[in-house]
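Ready to learn how to read a protein model, one feature at a time? Have a look at the structure first.

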Amino acid sequence: MSEYDARGKVNRALLICVDDYRHLRPLPAVKDNAQELERALLAPGADLFTRGEVVLCRPQEPWEVEQALDTVTQEARGLLLVYFSGHGRVGRDGGNLQLMVGASERRHKTVSWQDMVLSYLDNARADRIVIILECCYAGNAGEAFHNCRKPMSLLMAAQPNRRIFSGEEPTGGSVFTRAVRQTLEQGLPGRRFVTFEDLVRVLREQLAAERTPMGDIWEPRSAKQNTVDDVILSFATPEIRPPTPLRIRLRRRLKSSFQHWLRILLVSAIILVPATAGIVVLNLPNADAPCPPALELRLLTAPEAEPALRQAAFDYEMSGANLRPLSGEGDLPDGCRRAQITVYSAAKDQVDQGFAAADRWQGEARGTGKDRPADKGLDPLNRPGPQPDLWIPESTADYYEARRGMPATGSPATLHYGDPVAYTPLVVGIPANRRLDDVEPGGASWPELLTGTDHAHRDLKLLRPSPVLSGTGLLHTIGLYLAHGGPGAASPYGPDPDPALARTAEDRLSAPGSQYAGSTELLCSLRPDVAASGAVDRTRSAPLVSEKSLADYNLGRAIGSCPALGSALPVHDRYVAYYPENVPALDHPLIRVDWRGTTDATPRRAAVTRFATWLRDPEGGQRTLAAQGYRGVDHHTPGRDSPLSDSRANVGRDSRVSRYTAGPDQVARVLDGYDKAQKSSQVLILMDTSTSMADGGKLPVALSAAGRALEMAGARHTYGLWAFPDRAHPDDRAAVRELVPLGSDDPARGKAALDRVAGGELVDHGAAMEEALTRAVRTMKKSTATNKAIVLLLDEDDGTGGRAASVDRTLGTLVGEGPEVPVLALVLGKSGCDSFALRQLAGASHGQCVPGGPQAVDTLAGRIASIGTATKGER
């Protein structure tokens, strides 16, 4: 996992501590928390925050918190750390967490976590935000947190719906904060620094012996949003600490010197001003930020590449290429960042939709966008995100596909293709104890690999990321369909897809549940430490992924939503990389994106060019990307420092990298062949529309998931949209509202229905999931579609109180009977997929349960894609 190092940037830590309450019991230990934590953050060994960057706030009124948040969110450019210690309260339904200040009463004069705190943090200018909540019900903060757009990491003092004793200790700070302070101040054995993930792990270990007031184990929880990398919180270590890098020390010295002489000059100027000039009111500039704001570049990429490119962006920002003065730029001081790069990611289909609707994308950014009939449900600013200045897709094929979807004329966006910045070959992962007989890992034709893994040989299930959602899946499909010349073929590609090979491949790949949103999400679901509901048998699976992601998996690195392990996986849990012959590698081209009417277009183009040059520099970006497991643009053989050179990675270090040479017409023909190879499908979307869905930001996530499911609708791919409970029949627990009848092929009807739900068509009584699902399963069993599934979007099952015992038995029997109808559930409630009923449903139906989280919608979309095809209409 890459680590974000904010040293040398303009950082802020806001420590909000409330110990003295007018209407609630006091928290004496919290009084010491602020000073103790400030001391730890400013300790020389921590080496992250400098004097003046840590702000203490002891609020009596809510406006004091708002004012402090407004200040630090505007000032921080690197790391923003926000800490709260005090009382916390929630509503009856467990939502709407309120942070209590000194004047707070039970329901008045409180600080809303969702409406105030997250609102400010989501508009902060910092690269990374870390939040630590130490209050009762801190664990309930996780749901609303997942709607944020900024890269954030959240540490909650306890699991959801738990009160804690913390704060009532007599002196020296609370138990929780003492553990935080000691970890940040003393470091960890064998570690050069302390990261967010380190802190979470240590707190869980140290509090394992403690109990909450309810008698449960005290278990801190954590969550991340829009980031999979880790954040360094302290450089303290019990070992001999390496010196602070020279560039960091120089920047800090420059800051200090600049501030000192600036004050002298300003004071001198005041003294020399004639008395007749009157009183001069001087507003000194921020002493902690002498550098002017850097030009922000927005880099859009794929989820798989985001962690590596985040690290590359940080290394570039702190490199001489971005810090040294440039001719013609004026008097910008040496050591100031010229550009700041924001890295974010989105699934391939969302990127394609964004560029196809670039006028809507730009219009929303300017506040002038107008809905067109075809745009219903499309919100480019939400996904993919801000308008990018540069785009690094996984492969040139992704670029061709995006260009094909853009209008021939009139688009405000222009894509300028650039050379690749890194390569990673495509591989088939074979379980280490099931290696293929007579097939060479270093280069085999796809027919050999298909034969070697079929039921007559190793009987392995091939798992492929969705070609619609993932560049890895698209390029694997191009390889399957076109690279059929075999070893020694004169040309890597045939002119057209081989229909027989396409049918053979899709017969092996199109089983329900066999596609995923990307390599990392696929491999995360196969990790031995992940007990995902409905997960496939990893010992009988062969994932079609990238070399880098397979190496990360084998080495125990962070992958997808799976955190890093302490060491590499055991030999029997690893996969061996097999390299299909003539299949092109992911080449990660750098695409500059120009937007019509941009006032600072010239400096943006120059900044993109400088970053692109640095990325391809062997002493710059190539070194960073190689350390992340990529192959270089000039030297494809990994060096000794590359993780690919670790024997435990089980990859072919000397395997050849095939460059991408297919043209846009071939990509179009492959995708057309992919569409034709799919069987008909039918999806029934069953959505919980009880009023509790409006709490904690759950409803927008559910609507987004339903919208993604509608995108597969077409002549061969029909759907229905049902909602429960039914307002018209409040006493009928099995009643549903048929918003769109089953069998519709028009996505516009579903999008209009979702708009009505978003506008407030919610029902104010409990949602009985098992009764509604029983009706849905009965209906889908009668469907004549070849492939079918139920997509269940749920807050929580509210029907257990008055449920007849026969309902459980009936549903269990029905799910187990043929024909098979997988249940793909997205559960947004606090318990996630932990309930026995949901785990049983997913397993018995050969479906999957996906808990709410930052990647939940993409994960579910990948599984829906496997039911048929997720393409919109016919190509």
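What follows is a chat between a learner and a teacher about strands, rings and hollow spaces.

Q: Before we start, what kind of model is this, and how are residues numbered?
A: This is a predicted model, where local features need pLDDT of at least 70 and side-chain atom pairs count only at pLDDT 80 or more, while totals for chains, interfaces and linings use all residues. Residues are numbered from 1 along each chain as its sequence is written, and side-chain values use heavy atoms, with hydrogens and water left out.

Q: Let's take strand β23: are its residues buried or exposed?
A: First, the words: buried means under 20% relative accessible area, exposed means over 50%, and partly exposed is in between (1.4 Å probe, protein chains only). Helices (H or I, at least four residues) and strands (E, at least two) are DSSP runs, numbered from the N terminus. Now the case: β23 covers residues 681-688, and 8 of the 8 are buried, so the strand is largely enclosed by the rest of the structure. Ser-681, Val-683, Ile-685 and Met-687 point one way, Gln-682, Leu-684, Leu-686 and Asp-688 point the other way, and all are buried.

Q: Which strands does β23 pair with?
A: Strands of a sheet pair through backbone hydrogen bonds, either parallel or antiparallel. Here two strands count as paired if DSSP finds at least two bridges between them. β23 pairs with β24 (residues 717-724) in the parallel sense over 8 bridges, and Asp-688 has Phe-724 as its bridge partner there. β23 also pairs in the parallel sense with β26 (residues 787-794), over 7 bridges, where Ser-681 is partnered by Asn-787.

Q: What about β8, how many of its residues are buried?
A: In β8 (residues 128-134), 7 of the 7 residues are buried. Both faces are covered, with Arg-128, Val-130, Ile-132 and Glu-134 on one side and Ile-129, Ile-131 and Leu-133 on the other. β4 (residues 79-85) pairs with β8 in the parallel sense over 7 bridges, and 5 bridges join β8 to β9 (residues 152-156), again running parallel. Try finding Ile-131: its bridge partner in β4 is Val-82, and its partner in β9 is Leu-154.

Q: Why is one side of β19 and of β21 left without a neighbour in the sheet?
A: Start with the order: an open sheet of 5 strands runs β19-β18-β20-β17-β21, with mixed pairing. β19 (515-516) and β21 stand at the edges, each with a single partner strand, so one side of each has no neighbour in the sheet. For β19, β18 (residues 461-465) pairs with it in the parallel sense over 2 bridges, and Arg-464 stands opposite Gln-515.

Q: How many aromatic pairs are there?
A: A pair of aromatic rings is described by the distance of the centres and the angle of the planes. Rings of Phe, Tyr and Trp (its six-membered ring) pair if their centres lie within 6.5 Å; planes under 30 degrees apart count as stacked, over 60 as edge-to-face and the rest as tilted. The structure holds 12 such pairs. One of them joins Tyr-400 and Tyr-660, and it is tilted, at 6.3 Å centre to centre with 50° between the planes. The two residues are 260 apart: Tyr-400 sits in helix α12 (residues 396-405), and Tyr-660 in the loop between α19 (621-627) and α20 (664-677). Tyr-400 has 22% relative accessibility, so it counts as partly exposed, while Tyr-660 is buried at 12%. Elsewhere, ring pairs link Phe-355, Trp-361, Trp-391 and Trp-595 into a cluster.

Q: And which residues line the largest cavity?
A: On a 1 Å grid over the protein atoms alone, a cavity is a set of points where a 1.4 Å probe fits but cannot get out, and lining residues have an atom within 4 Å of a point. The largest cavity is lined by 16 residues, among them Asp-127, Arg-128, Arg-310, Ile-341 and Thr-342, which lie nearest its centre. α8 (306-317) and β14 (339-345) each supply at least two residues of this lining.

Technical notes. On a 1 Å grid over the protein atoms alone, a cavity is a set of points where a 1.4 Å probe fits but cannot get out, and a pocket is an open set with protein on both sides within 12 Å along at least five of seven lines; lining residues have an atom within 4 Å of a point.
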